[in-house]
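Good morning, and thank you for making time for this presentation. I should like to go through one structure with you, moving from its strands to its rings and then to its metal sites.

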Amino acid sequence: MGDSSGDQNPGDGEVPRHEVTLDAFEIDATTVTNADFARFVDATGYRTEAETFGFSAVFHLAVAADPGDIMGQADGTPWWFGVQGADWAHPGGPLSDVDGLADHPVTHVSWNDAVAYCDWAGRRLPTEAEWEYAARGGVDGAKYPWGDAEVNDGGWRANIWQGAFPRENTLDDGWLTTAPVRTFEPNGFGLWQPVGNVWEWCQDWFDPGWYGRSPAASPAGPEAGAMRILRGGSYLCHISYCNRYRNSARSSNTPDSSMGNAGFRTVAA
Ligand SMILES: [Ca+2]
Ligand SMILES: [Ca+2]
Ligand SMILES: [Cu+2]
């Protein structure tokens, strides 16, 4: 585990590189889709945290809401708007829906929502060690799930941002926001889009110093924390400001946060 290409971001804790052993596990080939999540909601009546709080974070070019529902921009990341009525079934806000997006990743789900889905499905979230092992697809020590070729070598291999972020997206890879979960090519283990498309919640708490003291056998993260791990980057990643569409890249957010570029995949419990 860890950064082997020197691309780590200070503060993310991608180093030191270290060897990890894991028990065998079975992980989803794709992130959970809107169709999957609709089955969960239909069966249980579950309300996501975005619905309970009444808003979620939407990328500015994806907003589909009346001006009165737009709450304002996030400090330091002005391309994010808090939008009232944005939730998994209304990813741009009240004037949007998921018609035609059944095979796209569910978004606007918090870590707590993801765990609720897993509990219903008899699954669990991957640990970040499991996620990284699976993302690597059997290619040891590489930057990306396909190896070290650049992300646009021979055509785009992941859904990230092209153009001048955050205003202009040339859509060179075909997608402004989410792409269907089976887009591009799967990695050597059959995982689709571990990098790019949507960030993926993992089980662990985040601690940037964790790799310096984590156990070698089946690490499951620190005992406590404030933020949960997210892995893999999203359709908003761009080399100019966020190169986290890499196997070893780490991010985090509070367990009740939701946004239009994060989802999850599950592991057999
Ligand atoms: Ca894209
Ligand atoms: Ca992903
Ligand atoms: Cu990014």
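Let me begin with a question: which residue in strand 3 is the bridge partner of F59? The partner is W80. Before I build on that, please note that what you see is a predicted model.

The bridge between F59 and W80 belongs to the pairing of strand 1 with strand 3, residues 77-84, which is antiparallel and extends over five bridges. These two strands are part of an open sheet of three strands, arranged in the order 1-3-2 with antiparallel pairing. Strand 1, at 55-59, and strand 2, at 70-74, occupy the edges; each has a single partner strand, so one side of each has no neighbour in the sheet. From one strand to the next, the twist averages 30 degrees.

On the other side of the order, strand 2 is joined to strand 3 by four bridges, and the two run antiparallel. Within that pairing, G72 has G82 of strand 3 as its bridge partner. The connection between strand 2 and strand 3 is a hairpin with two residues between them, and G76 in the turn has a positive phi of about 80 degrees.

One further residue of strand 3 deserves a remark, namely Q84. Is Q84 buried or exposed? Neither word applies fully: Q84 is partly exposed, because its relative accessible area of 35% lies between the limits of 20% for buried and 50% for exposed. As for distances across the model, the C-alpha atoms of Q84 and R136 are separated by 38 Å, with their positions 52 residues apart along the chain.

I turn now to the aromatic residues. How many aromatic pairs does the structure hold? There are 18. One of them brings us back to F59, which pairs edge-to-face with W161: the centres are 5.4 Å apart and the planes make an angle of 75 degrees. This pair links distant parts of the chain, since F59 is in strand 1 while W161 is in the loop between helix 4 (128-136) and strand 5 (199-205), 102 residues apart. F59 and W161 are both buried.

Ring pairs also connect F37, F40, Y46, W88, Y117, W120 and F264 into a cluster. Two members of that cluster, F37 and F40, are among the buried residues of helix 1, residues 34-44, together with N34, D36 and V41. Why may we speak of one buried side here? The buried residues cover an arc of only 160 degrees around the axis, and therefore lie on the same side of helix 1. The face turned away from that buried side carries D42 and A43, which are exposed.

Next, strand 5. Six of its seven residues are buried, so that the strand is mostly covered. Strand 5 has a parallel pairing with strand 8, residues 262-263, through two bridges, and E200 stands opposite G263 there. With strand 6, residues 228-231, strand 5 runs antiparallel, joined by three bridges. In that second pairing, W205 stands opposite R228. The same two residues meet through their side chains as well: the charged end of R228 sits over the ring of W205, 3.5 Å from its centre. A further contact of this kind involves R250, whose charged end sits over the ring of Y211 at 4.4 Å from the centre.

Finally, the metal sites. Which residues provide the protein donors of the calcium ion, ligand 2? They are Q193, P194, G196 and V198, each through O, and E200 through OE, at 2.5 to 2.9 Å from the ion. Along the chain these donors follow the spacing Q-P-x1-G-x1-V-x1-E. Of these donors, G196 and E200 are buried. E200 thus appears twice in this account, as a calcium donor and as the residue opposite G263 in strand 8.

The copper ion, ligand 3, is coordinated by the SG atoms of C237 and C242, at 2.0 Å. Are these two cysteines buried or exposed? C237 has a relative accessible area of 1% and is therefore buried. C242 is buried as well, because its value of 8% falls under the 20% limit.

That concludes my presentation, and I thank you for your attention.

Key: Residues are numbered from 1 along each chain as its sequence is written. Chains are lettered from A and ligands numbered from 1 in the order in which they are written. This is a predicted model: local features need pLDDT of at least 70, side-chain atom pairs count only at pLDDT 80 or more; totals for chains, interfaces and linings use all residues. Side-chain values use heavy atoms; hydrogens and water are left out. Donors are N, O and S atoms within 2.8 Å of the metal (3.2 Å for Na, K and Ca); water is not among the atoms, so sites may look incomplete. Buried means under 20% relative accessible area, exposed over 50%, partly exposed in between (1.4 Å probe, protein chains only). Two strands pair if DSSP finds at least two bridges between them. Axes are lines fitted to C-alpha atoms, for helices over the stretch in contact, and angles run from 0 to 180 degrees between N-to-C directions. Rings of Phe, Tyr and Trp (its six-membered ring) pair if their centres lie within 6.5 Å; planes under 30 degrees apart count as stacked, over 60 as edge-to-face and the rest as tilted. A charge sits over a ring if NZ of Lys or CZ of Arg is within 6 Å of the ring centre and within 35 degrees of the ring normal. The arc is that of the directions from the helix axis to the C-beta atoms.
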